[in-house]
Amino acid sequence: MWWDSKVEEIRDEARSFAESIVAPIVNRMDVTSEMDSHLLEEMKRAGYMSMLCPKEYGGRGLSTLEYAVVVEELSRICGSTGITIAAANSLGVYPVYLFGSQAQRDLVLPGVGEHGNLISFGLTEPGAGSDASGTKTTAVESNGNWLLNGSKCFITNPRFSTWFIATAVTDPDAGARGISSFLVHKDTDGFSVGKAETKMGLHASDTSMLHFEDVTLDTDAILGPRGDGFKQFMMTLDGGRISIGAMALGLAQGSLDVALRYAKDTLGIEGKIHGRQAIQFPLSDMATQIEAARHLVYHAAYLKDQKQPFAKQSAMAKLYASEVGHFCSDSAIQIMGLDGYRTGSHVERHLRDVRLCEIGEGTSEVHRIVISRYLLKELEALDKATRDAKPETEKVTA
Ligand code: CAA
């Protein structure tokens, strides 16, 4: 349904990029906690930072499915590389394209494709993670400008970024409808990128704080209508969750690849029917769950490309693929024993990296809330349709 020769070509290109450019340096980046600068330049040159940006703005203009396949392939080798491009596209390029005015698109988007001027997405705050409407950063209108104050945490890519999207409360009494989004250039007075986080995994991915101290912005720095910020970032995350699902899928596949090779070459399970089931069974479970996760991720991407509702499917894809990624990297370590547990083994890194997928861009708990809300909405719609379909006489007597 969704696979064609163009997707295959893009998959092959990303696979070759990951194996030839990323694989040789992946362990070094994990140890030094630094994204390799040459790799970053190569990703920009390949157009990986602007995959979701239409060609008219200098981007690669890929479909969501093609983009997800690239994230999957890069993550199969390196989760940090996968999340760097996932955040740059889904959380950076996509909301500017979707919600920005023509002038904002013209100002920001061509620079991503031409020069790799990344865009970071500033939503999470120390007291506003899962409860995203708890934003404390404020934007106050003052002398025809906006004055921003506050801090953001766990933001992906700030050190590589030129532009930032920041959410802030513009109407404190309006709850979720009182939040707006702003575009901030890195050189704006009062804006700074703060401390980099040290993390369990994804060491080469930049995760840092943002600070806004009396940052003065023109009125046209607001992204979309005032008060639309909450809906905008929920819609942004609906799309972003497909890419986190793709990242988890890549890490799951990468774990299976390593464990399978180890089982064949080192444990010699090939051709043995009995006595190796402790290895064969988890390999089969991993492969089966990966296949199911791939269908969920690709299907969510396909629905988005077809402009059909996809938020429930993206939540399902991200939830399931993340848990499959965790299971697969953990199972791979179990199969490989101390060779998998050893620092520097790929599967040990995959386990640390994939753990983020159950937390970032909405925890697994948030996704269960989101999915159950859709289930209830669907049931309500069904009940209403059943009521509406009843003959008038039955409605009166009911
Ligand atoms: N699309 C459009 N509009 C939406 C929407 C969606 N998907 N979801 C909600 N809305 C709208 C609602 O219709 C409602 O609009 P009205 O006021 O007009 O009725 C409004 O938004 C408020 O909706 P809710 O009442 O459902 O809001 P809530 O506070 O109950 O939301 C929640 C609950 C689903 C848990 C939400 O807060 C959420 O998703 N939280 C998780 C946030 C998150 O994912 N953060 C990750 C940040 S990025 C990151 O993490 C980066 C990284 O690690 C790499």
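Here a colleague asks a modeller about the ligand and the residues around it.

Colleague: What kind of model is this, and how are residues numbered?
Modeller: This is a predicted model, where local features need pLDDT of at least 70, side-chain atom pairs count only at pLDDT 80 or more, and totals for chains, interfaces and linings use all residues. Residues are numbered from 1 along each chain as its sequence is written, and side-chain values use heavy atoms, with hydrogens and water left out.

Colleague: Which residues come nearest to the ligand?
Modeller: Of the 21 residues around the ligand, these are S130, R177, D238, E361 and R373. A residue counts as near if one of its heavy atoms lies within 4 Å.

Colleague: What makes the pair formed by D238 and the ligand a polar contact?
Modeller: A polar contact is a pair of N or O atoms within 3.5 Å. A polar side-chain atom of D238 is 2.8 Å from a nitrogen atom of the ligand, so the pair fits that definition. For K231, a polar side-chain atom lies 3.1 Å from a ligand oxygen atom, and a polar backbone atom of S130 is 2.8 Å from a ligand nitrogen atom.

Colleague: Why is the ligand said to lie between two domains?
Modeller: Domain 2 (121-226) and domain 3 (231-379) both give residues to the shell, so the ligand lies between them. The domain bounds come from an automatic or database assignment.

Colleague: Which residue kinds make up the shell?
Modeller: Nine are nonpolar, six polar and six charged. Asp, Glu, Lys and Arg count as charged, Ala, Val, Leu, Ile, Met, Phe, Trp, Tyr, Cys and Pro as nonpolar, and the others as polar.

Methods. A polar contact is a pair of N or O atoms within 3.5 Å; within protein, one must be able to donate a hydrogen and the other to accept it, and residues adjacent in sequence count only if both atoms are side-chain atoms.
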